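Colleague: Walk me through this one, please. I'll ask as I go.

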Amino acid sequence: MTLTSDNKATNTQELITATIDGIQMQVPKGTLIIRAAEKMGTFVPRFCDHPSLAPVAACRMCLVEIEGMPKPQPSCAIPLTEGMVVKTQMTSKVAEDAQAGVMEFLLINHPLDCPVCDKGGECPLQNQAMTAGRTESRFEIEKRTFPKPLELSTEILLDRERCVECARCTRFSEEIAGDPFIELLERGAKQQVGIATDEPFNSYFSGNTVQICPVGALTSSAYRFRSRPFDLVSVKTTCEHCAAGCSLRTDYRRETVMRRLAWEDPEVNEDWNCDKGRFAFGYLKTNRLTQPKVRNLDGNQIDALWPDAVDIAAAGLANAQGKVAVLLGGRLTLEDAYAYSKFARVALGTNNIDFRNRDHSEEEQQFLGSAVAGNHNSVTYKELENAQNVILVSFEPEEESPIIFLRLRKAMQKGNLKVTAIAPYLSKGLEKLNAEVVATKPGEEGKVLSGIDIVENSIILIGERAAAIPGLLSVALEVSNKTQSKISWIPRRAGERGALEAGALPALLPGARPVADASARSEVAKVWGVSNSKIPSEPGLDHSQIIKAAINGELKALIIAGLDVLDAPDPKLFSEAINAVDFVITIGVQENSLTRYANVSLPVAPVTEKSGTFINWEGRPRPFGKAIGSTNALTDARVLSMIAESMDLDFGLQIIEDLRMELSELGIWNGSKLEKPQFESKEIVDFKNDNVILSTWHQLLDEGAMQVGEEHLAGTQKSSVAYLSEETAKQNNLTTGDLVTVLNTRGSITLPLEIIEMVNKVIWIPFNSKDSKVKQSLGAKEGDIMLIEKGKV
Amino acid sequence: MSVKEITAEHIEELEVLAAKYPVRRSALLPMLHYVQSVQGMVSPKGIQTCATVLDLTPAEVAAVATFYTMFKRFPMGKHHIGVCINTLCALLGGDDLWKELTETLGIGHDETTSDSMFTIERIECQAACTVAPVMTVNWEFMDSMDPAKLKELIEKLKTGAPVQSTRGTLITSISDSERLLAGFNDGKVNDSPDADDSMLAGLRVAKERNMTAPIGKGVR
Amino acid sequence: MAEIPQMMRAFGTTFLSMFRKVTTEQYPEQKDQFPPQARFHGRHQLNRHPDGLEKCVGCELCAWACPADAIYVEGASNDEERFSPGERYGRVYQINYLRCIGCGLCIEACPTRALTMTNEYELADNSRTKLIYEKDDLLAPLQPGMAQPPHSMIDDFVAQDYYDGKVKAASAEQFAEIEILKQKKAQD
């Protein structure tokens with residue numbers, strides 16, 4: 001049941017005095033009766049009321065008696081006024097009867113199918129029918145029935161006979177998500193929630209409607225009939241899908257996650273989360289590695305016992321004698337990333353470690369080391385909500401950080417926010433933010449950013465894609481300095497910010513300490529209990545340098561953890577590197593294309609089976625506990641400790657408490673940070689007519705590794721299309737509906753073309769969607785110059 | 001029966017309607033009437049088109065299109081015939097008219113004859129109780145009807161003989177009426193007869209007797 | 001000497017009882033002669049509708065009601081194969097007779113009368129796993145006129161008709177359907 005949190009009270013602090021049930025109270029002006037009653041401990045029954053949605057008084061369940069008013073009034077829509085005397089069902093027969101009457105009407109056509117209903121057991125209608133309803137129905141004729149369920153999308157099912165027309169779902173879709181794909185259709189007794197013909201409810205936030213539906217009318221295909229509420233054990237967790245850091249409620253039964261819900265957190269995700277966070281957890285059970293594997297002398301991978309596998313790994317690393325590098329994905333927890341960071345320095349004696357398994361640059365490292373690492377709470381969700389001006393650079397909120405999108409939308413609706421996006425076109429998501437787009441070719445963002453007028457105290461949100469554009473991050477820092485605007489870096493993956501703080505970069509130690517700084521090194525060495533000389537003073541190789549060095553035979557061993565080759569900046573080079581290296585250790589949750597190259601493959605625990613912390617884009621730690629314990633899967637840190645032990649090192653990171661203690665002991669560096677990046681932008685050179693610049697970013701729902709095994713969710717993906725401006729299309733003799741092929745020397749992608757209003761000479765395609773896998777097919781990045789031609793069927 | 005496609009020309013006319021209003025989405029009702037004049041119904045494609053023109057989602061348009069009973073989601077015949085079934089008309093012969101109509105055409109409420117000539121509908125009060133029982137043909141009034149007149153009316157409409165509304169213009173088709181409802185002037189505003197004595201009798205008597213409306217509470 | 005008459009009376013009672021009818025039941029030789037009372041809470045049974053479809057909808061209310069946590073149920077959708085009328089059926093149904101205390105709260109909780117208790121009391125075995133009864137062990141045997149699910153509901157019938165008792169026996173179509181299914185399976 002929905003309860004109000006303090007942050008949702010009205011802003012005005014002017015107090016008024018009113019009486020509810022004979023108790024005089026002072027509340028801020030504008031407080032709704034239902035909220036005030038709730039505060040004093042009286043729960044007025046309700047369905048349509050939701051603290052995050054505007055009042056509508058649709059269900060009439062919350063009727064109360066107000067002195068001086070001829071009839072009972074809906075308490076969810078009337079604010080208390082000075083001297084108002086209200087009687088709820090606790091003291092008023094009128095209110096009690098009115099509520100009982102409404103309940104009787106609501107139940108007339110409500111089916112008696114609670115035993116088969118997914119909501120049964122946690123259903124406000126069920127509960128309130130017990131508290132506010134009659135014991136026996138007086139309705140004797142047949143109830144109205146509908147064929148059920150109606151598929152609103154592949155993920156959301158509607159059971160029309162259960163609906164009480166509270167309009168929570170439709171209001172959520174319109175007010176919060178900005179996706180009014182569901183509406184109340186028909187009228188009067190026939191009124192029903194529905195979609196337009198052939199226009200499914202494919203909103204990224206559709207799952208929230210299932211959660212706020214006060215009856216079982218909206219259910220999700222994925223959870224349908226899988227369990228009952230009383231089977232489930234609920235644990236508060238943190239979402240591992242993006243850097244938003246949503247609080248989730250993970251419900252599991254018999255050691256299997258059954259569903260995930262948004263856990264209310266006013267500071268972060270409020271009452272909501274996105275469909276990816278809610279529905280994409282099938283990967284936990286798909287292609288899971290459970291057994292260590294080692295390659296035997298014949299070159300075959302065979303199952304091994306943990307001690308053997310660990311010894312072989314340790315021996316392999318010792319053999320490499322420092323010619324080792326560690327490649328991490330961006331999905332590790334802070335603690336695990338820290339363990340790798342320490343392991344690389346202490347056990348391997350190298351700074352060759354990088355968490356950026358995506359397009360990256362030296363400029364980015366400097367940017368992160370100088371402006372992001374150790375800079376906790378630079379910009380917060382709250383600040384976004386109260387901001388006047390937000391500038392988005394290389395960042396598409398709805399696709400790349402949906403909770404930021406929701407918060408920006410909330411701010412925009414309050415009427416105080418102006419969003420300016422430096423992007424090639426006005427996307428649907430930006431449209432919902434009422435954003436102004438400065439149409440920009442990829443590569444020219446820096447030039448545009450320094451050219452536009454920026455009001456002082458704006459907020460600049462810069463996405464991880466900025467790393468692909470030379471000079472952009474340097475310019476962004478300069479601009480933010482000049483305009484006294486805060487700048488915040490928005491990575492996509494959940495573990496990136498944590499890995500940064502953990503020092504999983506070639507030039508950074510934990511706590512934003514530069515490797516090159518002797519006193520920083522000695523601070524770290526002291527905590528680690530090693531001699532100062534143990535930590536190499538020279539910055540190591542970054543991801544792409546590691547790949548290059550491996551191919552050139554300069555490295556002997558690689559530790560690859562929590563990543564898939566398909567995400568790599570260049571999958572082809574990545575594969576070459578793995579083949580060139582003698583000894584590869586992969587540490588991961590799932591089996592993927594990498595694990596079969598491994599000399600030693602070690603399975604570790606996914607987020608549900610360990611505790612840890614994600615640091616979200618704000619720099620806010622989001623710790624979570626272990627949900628499922630019985631699998632005995634090990635954390636990355638534990639595995640590294642075992643390897644270190646086998647190498648006769650006192651590593652000392654066996655349990656989460658060790659890690660957290662060491663991290664807090666290290667704290668944040670207050671000496672001088674990395675130098676600010678000062679890189680030159682590249683001018684876009686003239687190019688031929690059939691050449692265009694590639695613009696691409698991830699869709700929220702795509703072919704990502706952590707969305708496998710979720711067919712229902714996959715059904716709500718956006719279809720893959722390519723965008724061109726009218727002029728560019730005309731120059732290449734293309735029109736809407738044609739197929740267009742984007743190609744380079746590596747390969748090609750063919751997609752249906754849509755002509756939209758956008759900057760000329762640029763083609764936009766999805767980054768990792770069906771039929772459009774930029775890295776796999778093209779090995780390209782944003783800003784690259786591509787050839788286009790008419791596609792063949 | 002195939003429903004007529006909405007073409008680029010139609011979209012141009014929809015744009016004309018949308019441009020009439022300070023807030024474009026205000027044009028949705030006229031636009032749906034327009035779609036109905038083109039298609040003889042509001043089809044999913046029609047809903048989609050309105051949504052595209054107004055930058056709404058199809059669901060938002062569908063919510064409006066399904067709310068109002070004047071928008072049909074099945075193909076209408078050439079003529080739309082309504083019979084008022086509210087109390088006064090019903091008592092004064094409306095029920096008989098409805099019975100006659102359904103028996104003659106062999107169809108029921110919101111149904112279309114197989115030859116696509118007629119769609120019939122039970123309609124609510126048309127605010128013309130003075131001339132009850134009231135019928136409408138393509139939303140033009142046919143006042144003071146009786147079963148015999150109804151039979152004749154159907155015959156005429158079937159054969160295409162001219163039918164004059166008692167208070168409106170010559171009956172053409174529902175398509176033309178819908179176009180008018182959409183806001184495209186058909187230039188026939190002066191073709192209708194003026195109000196007759198039965199309409200104005202009350203006003204005349206009130207004036208003769210110097211009657212005024214009672215002054216209610218709260219009126220200054 | 002005053003005790004003698006008392007002793008005689010006592011021996012008399014013993015002596016007389018030698019001619020009374022014996023109440024000892026010889027189990028298992030004579031168990032048929034002494035059936036338990038009809039009200040006895042024996043092994044559970046999952047009942048069927050008259051056309052063979054299962055009454056269980058997998059709602060788990062029995063599991064919820066069980067004070068001994070002896071019942072485990074998993075529901076599933078009837079989308080692909082139909083086992084019960086309506087949308088949902090019990091895909092997994094287990095009763096652990098090492099835990100069951102025979103209280104009968106489960107059958108009171110059952111909203112479809114799918115779960116009832118038989119009079120069968122011979123619930124002993126030589127392994128723990130054998131005493132976890134699966135759905136197959138609990139389902140009522142097919143009576144004449146019933147068709148083995150999965151199969152469709154009777155044509156033109158909805159779930160409500162099943163609950164209203166309108167179904168009397170499986171239809172010819174239902175038998176034909178499972179025949180086709182059988183042949184298909186044989187081919188595969």
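**Strand S27, then outward**

Modeller: Strand S27 of chain A (residues 600-603) is covered on both faces, with A:Val600 and A:Leu602 buried on one side and A:Ser601 and A:Pro603 buried on the other. Buried means 20 or more other C-beta atoms within 10 Å of the residue's own, exposed means 12 or fewer, and partly exposed is in between, with C-beta atoms placed from the backbone. Strands (E, at least two residues) and helices (H or I, at least four) are DSSP runs numbered from the N terminus.

Colleague: What should I know about the model and the numbering?

Modeller: This is a predicted model, in which local features need pLDDT of at least 70 and side-chain atom pairs count only at pLDDT 80 or more, while totals for chains, interfaces and linings use all residues. Residues are numbered from 1 along each chain as its sequence is written, and chains are lettered from A and ligands numbered from 1 in the order in which they are written.

Colleague: Back to S27(A). Is its pairing with strand S26 of chain A parallel or antiparallel?

Modeller: Parallel: S26(A), residues 583-588, pairs with S27(A) over four bridges. Two strands pair if DSSP finds at least two bridges between them. A:Ile585 has A:Val600 of S27(A) as its bridge partner.

Colleague: And strand S14 of chain A, parallel or antiparallel to S27(A)?

Modeller: Antiparallel, with two bridges between S14(A), residues 293-295, and S27(A). A:Val600 turns up again here, standing opposite A:Val294.

Colleague: Helices next. Which residues of helix H18 in chain A are buried?

Modeller: H18(A) runs over residues 543-551, and its buried residues are A:His543, A:Ser544, A:Ile546, A:Ile547 and A:Ala550. They lie on the same side of H18(A) because they cover an arc of only 155° around the axis. The arc is that of the directions from the helix axis to the C-beta atoms.

Colleague: Any general reason for that sort of spacing?

Modeller: An α-helix has 3.6 residues a turn, so residues three or four places apart point the same way.

Colleague: What do the buried residues of H18(A) pack against?

Modeller: Three strands and a helix of chain A: S16 (324-328), S17 (353-354), S25 (557-561) and H19 (571-580). H18(A) is followed by A:Gly553, with a positive phi near 80°.

Colleague: What about A:Gln731, where is it?

Modeller: A:Gln731 is in helix H23 of chain A, residues 726-731. A:Gln731 counts as partly exposed because it has 16 C-beta neighbours inside 10 Å. Its C-alpha atom is 7.0 Å from that of A:Asn689, and the two residues are 42 apart along the chain.

Colleague: Zoom out. How many helices and strands does chain A have?

Modeller: Chain A has 24 helices and 37 strands. Its C-alpha trace spans about 85 × 65 × 50 Å along the principal axes, and 56% of its 793 residues count as buried. The radius of gyration of chain A is 28 Å, which agrees with the value near 28 Å for a compact globule with 793 residues. That radius is taken over C-alpha atoms, and the globule rule is 2.2 Å times the number of residues to the power 0.38.

Colleague: Which domains does chain A get?

Modeller: The assignment gives domain 1 (6-108), domain 2 (139-285), domain 3 (293-355 + 497-589 + 605-666), domain 4 (365-492) and domain 5 (691-790). The bounds come from an automatic or database domain assignment. The centres of domains 2 and 5 of chain A, over C-alpha atoms, are separated by 30 Å. Their contact takes 17 residues from domain 2 and 12 from domain 5, where residues are in contact if their C-beta atoms, placed from the backbone, lie within 7 Å.

Colleague: How does chain C compare with a compact globule?

Modeller: Chain C has a radius of gyration of 24 Å, where a compact globule of 188 residues would be near 16 Å. The C-alpha atoms of chain C fill a box of roughly 90 × 35 × 35 Å along the principal axes. Buried residues are 25% of the 188 in chain C.

Colleague: What are the secondary structure elements of chain C?

Modeller: Six helices and five strands, in the sequence pattern α-β-α-β-β-α-β-β-α-α-α. Three strands of chain C make an open antiparallel sheet in the order S2-S3-S5, with S2 (71-77) and S5 (132-133) as the edge strands, each pairing on one side only. S2(C) and S3(C), residues 88-96, share seven bridges, and C:Tyr72 stands opposite C:Gln94 of S3(C).

Technical notes: Two residues are in contact if their C-beta atoms, placed from the backbone, lie within 7 Å.
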